[in-house]
Amino acid sequence: MPSLAQFNSMAKPLPLLCRSLKPSISRSPGSHPKIPPSPSLLPCLGRPLRSLSNDAAPVVVAGNDKYGKKQVVSVTPQLYDFILSNVREPPILRELREETAAMRGSQMQVSPDQAQLLAMLVQILGAQRCIEVGVYTGYSSLAIALVLPESGRLVACERDAKCLEIAKKYYERAGVSHKVDVKHALAVDSLKALILNGEACSYDFAFVDAEKRMYNEYFELLLQLVRVGGLIVIDNVLWHGKVADPQVNDPKTISIRNFNKKILEDERISICMVPIGDGMTICRKRAQG
Ligand SMILES: C[S@@+](CC[C@H](N)C(=O)[O-])C[C@H]1O[C@@H](n2cnc3c(N)ncnc32)[C@H](O)[C@@H]1O
C-alpha cells in the first residue's frame, strides 16, 4: 500500500496513473470503508494530463484542447478522507455501516457521501414515493427513508433474505419501517408487479444499485414508474474506471459502457453523470413532446 507521498509521486505521470493505480487506501480504524481513490475519478480526457501543483495538491489539467484546460481535482486518499469528514452521517447509518463492514460484500454499500447525495435529491424533489433496486443491508435505503415525510413510501427491492434481515432491523431501530415496503424477490418481477398494479408514473425517485447486466431492464421499467420530472439515479456508472478503458471488455463492463451510451442518447431523459463514489448518473424524466 503506497504512502500518501508515494501515491502523489505516482500521480505525476498521469497517463501512467490512469492505467496503473489500483484501488488502495490506507484505512485507519473507524474510517469509512467504501471507494478508495479510483482511476475512474482521474480525468483521463484523451491526451496527457499534467499536474499543476506540488505533490500534496491533487489538481490536474486536462491536456485535451477539446475540453479546454480544465482544472480537475483527483481524489487522493487525503482528499477523500477530507470529503468524508464533511459528510453529516446520521448515527444510525454509521452503526449500520460499521455492522456491515465485517460482512461479505460490504464494498457494495454506497459511501456516506453518496448516501448524502441521494438523501439531498429526495429532499429537493420533495419526494413522497421512491423505489430502490438493490438494498443489500439497507444503507442507501435507510438514508432515503430517513428523509422521507411520514406519509412517504420507499419500495425496497432485494433478492437476498439474509441482507434484508439486517436492513429491516435498522428500519425498525430508526423508526422508519412504516415507510419501507420491502419486496423480497427478483427486482424485475417486483417492478413489473408495480406496473401491473397501476402504479406507472406515480413515483418521484428511484435508485438503481443491483445486477449490473440488468441495468437496461431496470431503467426501462423505472422510466414507466417514475413521473415526468422524477429522477432515476444509477450507481456504478464508472465501474472502477473500467468503462473508460477500451482494453477491459468483461460482460459487466461492456454492459455498463453500453448502458451509459444508451442513456447519453436517450431523449426521454436529461442526464448528469457525477464522479462520486463509483460514479452515479442522475436521470430526470422529460415530458414527451
Ligand atoms: C450493490 S448492492 C446494493 C447496496 C445498497 N444500495 C447499499 O447501499 O447498501 C446490490 C444488491 O442487489 C441485490 N441484487 C442483485 N441482483 C438482484 C436482483 N436481480 N433482484 C433483486 N436484488 C438483486 C444483491 O443481492 C445486493 O444485495
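Trainee: What do β7, α9 and β8 make?

Mentor: Together, β7, α9 and β8 form a right-handed β-α-β unit. Keep in mind that this is a predicted model.

Trainee: How do β7 and β8 pair?

Mentor: Those two strands pair in the parallel sense, over five bridges. One contact to look up is Phe205, whose bridge partner in β8 is Leu231.

Trainee: Is β7 mostly covered or uncovered?

Mentor: Mostly covered, since six of its six residues are buried.

Trainee: Let's step back. What does the secondary structure of the protein chain come to?

Mentor: The chain has ten helices and ten strands. It has 289 residues, and 42% of them count as buried.

Trainee: And what about contacts between residues at least 6 apart in sequence?

Mentor: Of those contacts, 66% join residues at least 24 apart.

Trainee: Which strands form the open sheet, and in what order?

Mentor: There are seven strands, in the order β6-β5-β4-β7-β8-β10-β9, and the pairing is mixed. β6 (180-184) and β9 (269-274) stand at the edges with a single partner strand each, so one side of each has no neighbour in the sheet. On average, neighbouring strands are turned by 15° against each other, direction ignored.

Trainee: What do strands of a sheet pair through?

Mentor: Backbone hydrogen bonds, in either a parallel or an antiparallel arrangement.

Trainee: Where is there an antiparallel pair here?

Mentor: Look at β8 (residues 226-235) and β10 (residues 280-285), which run antiparallel and are joined by five bridges. Within β10, Thr281 is the residue opposite Ile234.

Trainee: Back to the other half. What does β4 pair with?

Mentor: β4 runs parallel to β5, with five bridges between them. β4 also runs parallel to β7, joined by four bridges.

Trainee: Which residues stand opposite Cys130?

Mentor: In β5 the residue opposite Cys130 is Leu154. In β7 the bridge partner of Cys130 is Phe205. Further along β4, Val133 stands opposite Val208 in β7.

Trainee: Which way do the β4 residues point?

Mentor: Arg129, Ile131 and Val133 point one way, Cys130 and Glu132 the other way, and all are buried. That fits the count for β4, where five of five residues are buried.

Trainee: What do β4, α6 and β5 make?

Mentor: A right-handed β-α-β unit. The α6 helix (139-147) and the β5 strand (153-158) each supply at least two residues of the shell around the ligand.

Trainee: Good, the ligand. How many residues surround it, and which are closest?

Mentor: The ligand has 20 residues around it, and the closest are Met108, Gly134, Tyr136, Ser140 and Ala187. By class, the shell has eleven nonpolar, four polar and five charged residues.

Trainee: Which strands does helix α5 lie across?

Mentor: Helix α5 (residues 112-125) lies across β4 (129-133), β7 (203-208), β8 and β10. With respect to β7, the helix runs at about 170°.

Trainee: Now some single residues. What is the phi of Cys201?

Mentor: Cys201 has a positive phi of about 60°, although it is not a glycine. You will find Cys201 in the loop between α8 (187-196) and β7. Cys201 counts as partly exposed because it has 14 C-beta neighbours inside 10 Å.

Trainee: And the phi of His240?

Mentor: Near 55°, again a positive value in a residue other than glycine. His240 sits in the loop between β8 and α10 (251-264).

Trainee: Why is His240 partly exposed?

Mentor: Because 19 other C-beta atoms lie within 10 Å of His240, and a residue needs 20 or more to be buried.

Trainee: Where is Lys162, and is it buried or exposed?

Mentor: Lys162 is in helix α7 (residues 161-174). Lys162 counts as exposed, because it has 8 C-beta neighbours inside 10 Å. From Lys162 to Thr137 is 8.4 Å, C-alpha to C-alpha, and the two are 25 residues apart in sequence.

Trainee: Last one. Where is Met214?

Mentor: Met214 is in the loop between β7 and α9 (215-225). Met214 is partly exposed, with 18 other C-beta atoms within 10 Å. The C-alpha atoms of Met214 and Tyr136 are separated by 16 Å, and these residues are 78 apart along the chain.

Methods. Residues are numbered from 1 along each chain as its sequence is written. This is a predicted model: local features need pLDDT of at least 70, side-chain atom pairs count only at pLDDT 80 or more; totals for chains, interfaces and linings use all residues. A residue is near a molecule or strand if its C-beta atom, placed from the backbone, lies within 6 Å of it. Ala, Val, Leu, Ile, Met, Phe, Trp, Tyr, Cys and Pro count as nonpolar, Asp, Glu, Lys and Arg as charged, and the others, Gly among them, as polar. A residue is buried if 20 or more other C-beta atoms lie within 10 Å of its own, exposed if 12 or fewer, and partly exposed in between; C-beta atoms are placed from the backbone. Two residues are in contact if their C-beta atoms, placed from the backbone, lie within 7 Å. Two strands pair if DSSP finds at least two bridges between them. Axes are lines fitted to C-alpha atoms, for helices over the stretch in contact, and angles run from 0 to 180 degrees between N-to-C directions. A crossover is right-handed if, with the strands pointing away from the viewer, the path from the first strand over the helix to the second runs clockwise.
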